[in-house]
Amino acid sequence: MMPDPVDRDDPDEHLAGQRGAGPVTGADQPVTIQADGLTKRYGDAVVVDGFSLQVRTGELVVLLGGSGSGKTTTLKMINRLIEPTAGSVRLDGVDTTDLLPHELRRRIGYVFQRIGLFPHMTVGENVAVTPALLGWRPERVAARVDELLTLVELDPTLRDRRPSALSGGQQQRVGVARALAAEPRVMLLDEPFGALDPVTRERLQQSFLRIREKLALTTVFVTHDMTEALTLADRIGVMHEGRLLQLGTPRDLLTRPTDDYVDRLMSTPRRQAAAIDALLSETSAAGAAS
Ligand SMILES: Nc1ncnc2c1ncn2[C@@H]1O[C@H](COP(=O)(O)OP(=O)(O)OP(=O)(O)O)[C@@H](O)[C@H]1O
Ligand SMILES: [Mg+2]
């Protein structure tokens with residue numbers, strides 16, 4: 001059988017997914033990702049247990065949970081980097097087992113935990129991995145690499161460097177650029193901005209939010225960082241010991257936790273916010289008194 005003709009020559013094709021759609025989140029949007037009963041067992045250990053989730057077009061869902069709670073395993077089952085023991089995933093209504101692997105790679109961008117850039121390749125070659133696999137013409141690949149480096153706010157002249165000659169934050173931007181290379185409509189990101197100083201981290205988060213809005217990306221974003229989850233998410237799914245305990249808006253989780261674990265988890269940012277409020281009111285009281 002011939003592979004799909006993935007290298008269509010319409011010069012506007014790659015822009016079609018990028019036209020300013022603005023925020024498109026909402027209950028009226030179609031479901032892009034539908035996971036039903038995803039389960040992963042290794043021997044006797046059930047590491048993900050009956051995970052179900054619907055993500056609407058343009059929505060950003062954060063999976064939040066501690067180390068070993070099953071976040072990476074769940075994310076990798078969504079794009080079949082890991083084969084589920086049970087359960088199914090539909091992408092725009094089509095079961096992912098009915099999609100060819102190259103079609104899945106094209107439609108779903110994936111940012112790996114701990115970046116995972118290929119050290120022996122240049123930045124440009126890293127970004128171009130998927131387009132090259134899909135057989136794009138070299139001129140189109142080169143133009144796309146420069147466009148993406150600009151999109152993630154990197155100077156395109158960095159294309160010829162090795163990842164080891166970049167800072168941690170620059171490497172993470174390259175990871176995002178690589179995941180966006182084949183113009184996916186869906187992005188899965190596994191702790192993409194971990195291990196960065198808070199200022200750089202916030203800058204990368206804000207830049208990702210802009211990209212996500214511009215491209216109307218449907219996103220599942222994994223983190224164990226509560227502040228990151230609360231500030232980025234349309235909805236947060238809390239995972240613990242392989243199960244999805246609660247799914248709701250950041251406000252729902254903070255104000256109406258339905259589970260003891262979620263309640264305990266959310267008490268940390270509430271306490272931190274209260275401590276900062278107290279500090280600020282002391283400061284303004286001291287200012288008023290002087
Ligand atoms: N190939 C494997 N064989 C056996 N157990 C595995 C395998 N891969 C993962 N696990 C186990 O599955 C559980 C979930 O792992 P997973 O990587 O999904 O966690 P995580 O939530 O992403 O954690 P972290 O925040 O540390 O990245 C862990 O207990 C892990 O040890
Ligand atoms: Mg993980």
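This is a short talk on a few local features of one structure.

Hi everyone, and thanks for coming. A word before we look around: the model is predicted, so please keep that in mind throughout.

Let's start with the metal. Which residues hold the magnesium ion, ligand 2? Two side-chain oxygens coordinate the ion: OG1 of Thr72 and OE1 of Gln113, at 2.0 to 2.4 Å. Thr72 belongs to helix α2, residues 71-78, while Gln113 comes from the loop between β6 (108-111) and α4 (123-127), so the pair ties together parts that are 41 residues apart in sequence. Are these two buried or partly exposed? With 24% relative accessibility, Thr72 counts as partly exposed. Gln113 is partly exposed too, and its relative accessible area is 25%. For those of you setting up metal parameters, water is not among the atoms, so the site may look incomplete.

Now, over to a pair of helices. In general, two packed helices are described by the angle between their axes and the distance between the axes. Here the pair is α7, residues 168-180, and α8, residues 198-215; their axes come within 11 Å and cross at roughly 15°. Angles under 35 degrees count as roughly parallel, and α7 and α8 are therefore roughly parallel to each other. As for handedness, α7 passes α8 in a right-handed crossing. Which residues make the contact? From α7 we have Gly169, Gln172, Arg173, Val176 and Leu180, and they meet Thr200, Arg203, Leu204, Ser207, Phe208, Ile211 and Leu215 of α8. That set divides into 6 nonpolar, 4 polar and 2 charged residues.

Let's walk off the end of α8. Ala216 sits in the loop between α8 and β8. Most residues other than glycine have a negative phi. Ala216, though, is not a glycine and has a positive phi of about 50°. Ala216 is also buried, at 8% relative accessibility.

Next along is Leu217, in the loop between α8 and β8, with β8 covering 218-223. How accessible is Leu217? Its relative accessible area is 0%, so Leu217 is buried. Beyond its neighbours within four places in sequence, Leu217 contacts Gly58, Glu59, Leu180, Pro184, Arg185, Met187, Phe208, Ile211 and Arg212. Leu180, Phe208 and Ile211 may ring a bell, as they were also named in the contact of α7 with α8. One distance to note: the C-alpha atoms of Leu217 and Met187 are 6.6 Å apart in space, with their positions 30 residues apart in sequence.

At the end of α7 there is another loop, running to β7 (186-190), and Ala181 lies in it. Ala181 is buried, with a relative accessible area of 0%. Who touches Ala181? Not counting residues up to four places away in sequence, the partners are Val127, Pro131, Trp136, Arg144 and Leu148. Ala181 and Thr130 are 51 residues apart along the chain, and their C-alpha atoms are separated by 6.8 Å.

The loop between α6 (138-151) and α7 holds Glu153. Glu153 is not a glycine, yet it has a positive phi of about 65°. Buried or partly exposed? Glu153 counts as partly exposed, at 43% relative accessibility.

Let me finish with three residues from other parts of the chain. Thr32 is in strand β1, residues 31-42. Thr32 is buried, with 4% relative accessible area. Leaving aside neighbours within four places, Thr32 contacts Val55, Arg56, Thr57, Arg90, Leu91, Asp92, Val186 and Thr218.

Thr85 lies in the loop between α2 and β4 (86-91). Thr85 is partly exposed, with a relative accessibility of 39%. Its contacts, not counting residues up to four places away, are Thr39, Lys40 and Arg41. From Thr85 to Arg41 is 6.2 Å, C-alpha to C-alpha, across 44 residues of sequence.

Last stop: Val129, in helix α5, residues 129-133. Outside its neighbours within four places, Val129 is in contact with Phe118 and Met121. How far is Val129 from Met239? They are 110 residues apart in sequence and 32 Å apart in space, C-alpha to C-alpha.

That's the tour, and I'm happy to go back to any stop. Thanks, all!

How values were computed: Residues numbered from 1 in each chain as written. Chains lettered and ligands numbered in written order. Predicted model: local features only at pLDDT ≥ 70, side-chain atom pairs only at ≥ 80, totals over all residues. Heavy atoms only, no water. Axes fitted to C-alpha atoms, helices over the stretch in contact; angles between N-to-C directions. Helix = DSSP H or I, 4+ residues; strand = E, 2+ residues; numbered from the N terminus. Parallel < 35°, antiparallel > 145°, perpendicular 65-115°, else oblique. Left-handed = near helix turned anticlockwise from the far one by under 90°. Contact = heavy atoms within 4.5 Å. Nonpolar A, V, L, I, M, F, W, Y, C, P; charged D, E, K, R; others polar. Donors = N, O, S within 2.8 Å, 3.2 Å for Na, K, Ca; no water. Buried < 20%, exposed > 50% of the residue type's maximum accessible area, 1.4 Å probe, protein only.
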